[in-house]
Amino acid sequence: MSNRRGPDFETRMAEDEEIPPSPQFVEQATVTDDSVSDEFEENWPDCWARAAATLDWFDPYESVLPDDEPPFEWFAGGTLNACYNCVDRHVEAGAENRVAIKWESHLGETRTYTYQDLYREVNEFAAALRAQGVEADDVVTLYMPMIPELPIAMLACARIGAPHNVVFAGLSADALATRLESADSVFLVTCDGYYRRGSAIFLKSKADDARLKAAHDLEEMVVVEHLGETEHLGAGQHTYEELVAAHAGAEVAPVERAADDVLFLIHTSGTTGEPKRVEHVTGGYLAHVAWTSQTVLDLDPEDTYLCTANIGWISGHSYVVYGPLALGATAVMYEGTPNYPERDRIWDLIEENAVDVFYTAPTAIRSFMKWDTSLPASRDLSSLRLLGTVGEPIDPRAWHWYYEHIGNGNCPIVDTWWQTETGGMMITTLPGVEKMKPGSAGPPLPGVGARVVDGRGEEVPVNEAGYLVLTRPWPGMPLALRHGHRWGEEAAKLDVDGWHYFTGDGAKVDDDGYITVLGRVDDVINVSGHRLGTMEIESAIVGVEGVVEAAVVSVDDAEAGGIHAYVTLETGVSGDDDLRERIAAHVRERIGPIATPDAVVFTPDLPKTRSGKIMRRFLENITNGEEFGDTSALQNPEIVGELESIVRDG
Ligand code: PRX
């Protein structure tokens, strides 16, 4: 397997420390009975009824999983509505005055929505969408920043059975156009703009560009007036405020959806040049995220919870919006970044809101460590009960810093492994039951099947690296996998018996069955917690005049930047700073700033196998100053040494 791994790899391989959860935590934890795993094992798949029981169903399902072959029809026969589960039922149960969403703007202005407020505005916007012609199964694209109107629009879509397709606001107009086309979506909700580190970013103009670039025209565009700077609205364009006002007091009955009707689409990076479309369904997905919010994040309805993920990605869908709201908890949401206006913004949010549960990413923890330990120390973080991380492996040093400086040594940390494709958490400790091992995510959740295998599909020995595969279907699985699709190129690489899904990650297992995830082994890279496809970035780079070939790799040292690009040029084209800037600008335009290379290295050739496949592994070794292995399989082995001197000598 490729050695796409962090600088802390050796430490993580050697780590064997064990930390039990504190007695104070265990005393109040949602799950404290360690027989839960055995119970799931003995009673699989019916055990997953426990997840479905976190929801209210209109028609009860007839079977948890009728067949152990595709199609996997989780909760077959059941009907429900995700918006009803996240909003109405809490109002009906008398929790109408509980805060559902507490939002803070980049300047510290706050807006509070109780479950009653959420009910009102979601209904009004659902009525407005209907009036714009949106019907059940029409896809509504949401290109919005972290403002309350984003979860409101998601819930309004769910209410009328229209799958939403959220596109991260930091992506470019081109990326939005591709995602509108991929989702076959003619409805768009966006906003005039938003603030990031004090500067305004105009989103509506990017949406207008995308409209011109998309292969089909948009029928309707709704614009939230967040900056108050909506200049010109063309035909079929309306402000959100005007639509909601026109439907003041409207009520829309939640549409009954079958368990496997699509709740939303989301695009992520895959191994091809195109974004990968993932569709999640109403029943299994919602059950999975509600159940894991309850058992892994330990959320109670009385809890205030902060997740730093952007709703534009899956973590925000599952654990800012659907999971916490399905349980009736209070979600804190903020606009902007953790270091604006000051680097103690997150600690301020936790103190001000007496946050109980905090979920973030290792990349953020590394920044917090770098910024200043005295910042969290000067705040009262004693409301915290549980901490979580997601998105990339966490090295033991960052783990300990988080445990001690944020959790004061008594909040368990759940290191949750999952993906856009899994919908919800899959590998993590249950915080009230299982000990933690810093650097290792933990065992598969009860009911989840995970194995680490070699290329022939054989289980690898304890503590040896192999490929991480999921061997049992799970409720939050996406539509394609339910229908037996193998997600082609990824699955084809392995020869595993029986149904399985190859995650694209490398991992190892210890004698306790704890899984340590080592990082991606396919053509996807993880850059500061952002998942990016190498092919997507490379196709953008070769779109620049004068460029012949490109290969991008991730840099282990975050200080040195996230992405380095190796580029070959047409004869006579000079590799200078002007071309470097044109390459960066083109990637920004095609994908967005997160994919921009931090360094561009011009080279006469790229290392290739005899069949012509670019071997990024060698480029990674060069970038990260690592030893490179045997180059004899290359058609041009001499280029590796040559490139090493180009990079070393700058
Ligand atoms: O490589 C794994 C890494 O993030 C990938 C999934 O990225 P994405 O679909 O964007 O979803 C991120 C949020 C769920 C995985 O294939 N990853 C995620 N969580 C962890 C992780 N790597 C190690 N440890 C984790 N806890």
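Biologist: Is R648 buried or exposed?
Modeller: Relative accessible area, computed with a 1.4 Å probe on protein chains only, gives three classes: buried under 20%, exposed over 50%, and partly exposed in between. R648 has a relative accessibility of 60%, and therefore counts as exposed.

Biologist: What kind of model is this?
Modeller: Residues are numbered from 1 along each chain as its sequence is written, and side-chain values use heavy atoms, with hydrogens and water left out. Local features need pLDDT of at least 70, side-chain atom pairs count only at pLDDT 80 or more, and totals for chains, interfaces and linings use all residues, this being a predicted model.

Biologist: Which residue forms a salt bridge with R648?
Modeller: A salt bridge requires a side-chain nitrogen of Lys or Arg within 4 Å of a carboxyl oxygen of Asp or Glu. The partner has a relative accessible area of 59% and is exposed. With the closest N and O atoms 3.5 Å apart, that partner is D649.

Biologist: How many residues apart in sequence are the parts that K435 and E18 tie together?
Modeller: The side chains of K435 and E18 form a salt bridge, with N to O at 3.6 Å. Helices (H or I, at least four residues) and strands (E, at least two) are DSSP runs, numbered from the N terminus. K435 is in the loop between β18 (413-415) and β19, whereas E18 is in the loop between α1 (9-14) and α2 (23-28), so the parts tied together are separated in sequence by 417 residues.

Biologist: Are K435 and E18 buried or partly exposed?
Modeller: K435 has a relative accessibility of 29% and counts as partly exposed. E18, with a relative accessible area of 42%, is likewise partly exposed.

Biologist: In which elements do R345 and E104 lie?
Modeller: R345 and E104 form a salt bridge with their closest N and O atoms 3.2 Å apart. This pair links distant parts of the chain, 241 residues apart: R345 is in helix α13 (residues 345-353), and E104 is in strand β2 (residues 99-104).

Biologist: Are R345 and E104 buried or exposed?
Modeller: The class follows from relative accessible area, as defined above for R648, which is exposed. For R345, and for E104 too, the class is buried.

Biologist: What is the strand order of the open sheet of 7 strands?
Modeller: Two strands pair if DSSP finds at least two bridges between them. The pairing in this open sheet is mixed. The order of its 7 strands is β3-β2-β15-β14-β16-β17-β18.

Biologist: Which are its edge strands, and what is its average twist?
Modeller: The edge strands, each pairing on one side only, are β3 (110-114) and β18. Axes are lines fitted to C-alpha atoms, for helices over the stretch in contact, and angles run from 0 to 180 degrees between N-to-C directions. From one strand to the next, the twist averages 20°.

Biologist: Which residue of β15 is the bridge partner of L306?
Modeller: Strand β14 (residues 304-307) runs parallel to strand β15 (residues 330-334), and 3 bridges join them. The bridge partner of L306 in β15 is V332.

Biologist: What angle does the direction of helix α6 make with that of β3?
Modeller: Contact means heavy atoms within 4.5 Å. Helix α6 (residues 115-131) packs on the sheet and touches β2 and β3. Its direction and that of β3 form an angle of about 90°.

Biologist: Which residue in β18 stands opposite L387?
Modeller: Both faces of β17 are covered, with L386 and G388 buried on one side and L387 and T389 buried on the other. β17 and β18 run parallel and are joined by 3 bridges. Opposite L387 stands I413.

Biologist: Which residue in β20 is the bridge partner of R451?
Modeller: An open sheet of 4 strands with antiparallel pairing has the order β19-β20-β21-β22. Its edge strands are β19 (450-453) and β22 (515-520). β19 pairs with strand β20 (residues 466-470) in the antiparallel sense over 4 bridges, and the partner of R451 there is V469.

Biologist: How many disulfides does the structure hold, and which cysteine sulfur is nearest to that of C157?
Modeller: A disulfide is a pair of cysteine sulfur atoms within 2.5 Å, and the structure holds 0. C157 is in no disulfide, and the nearest cysteine sulfur, 10 Å away, is that of C83.
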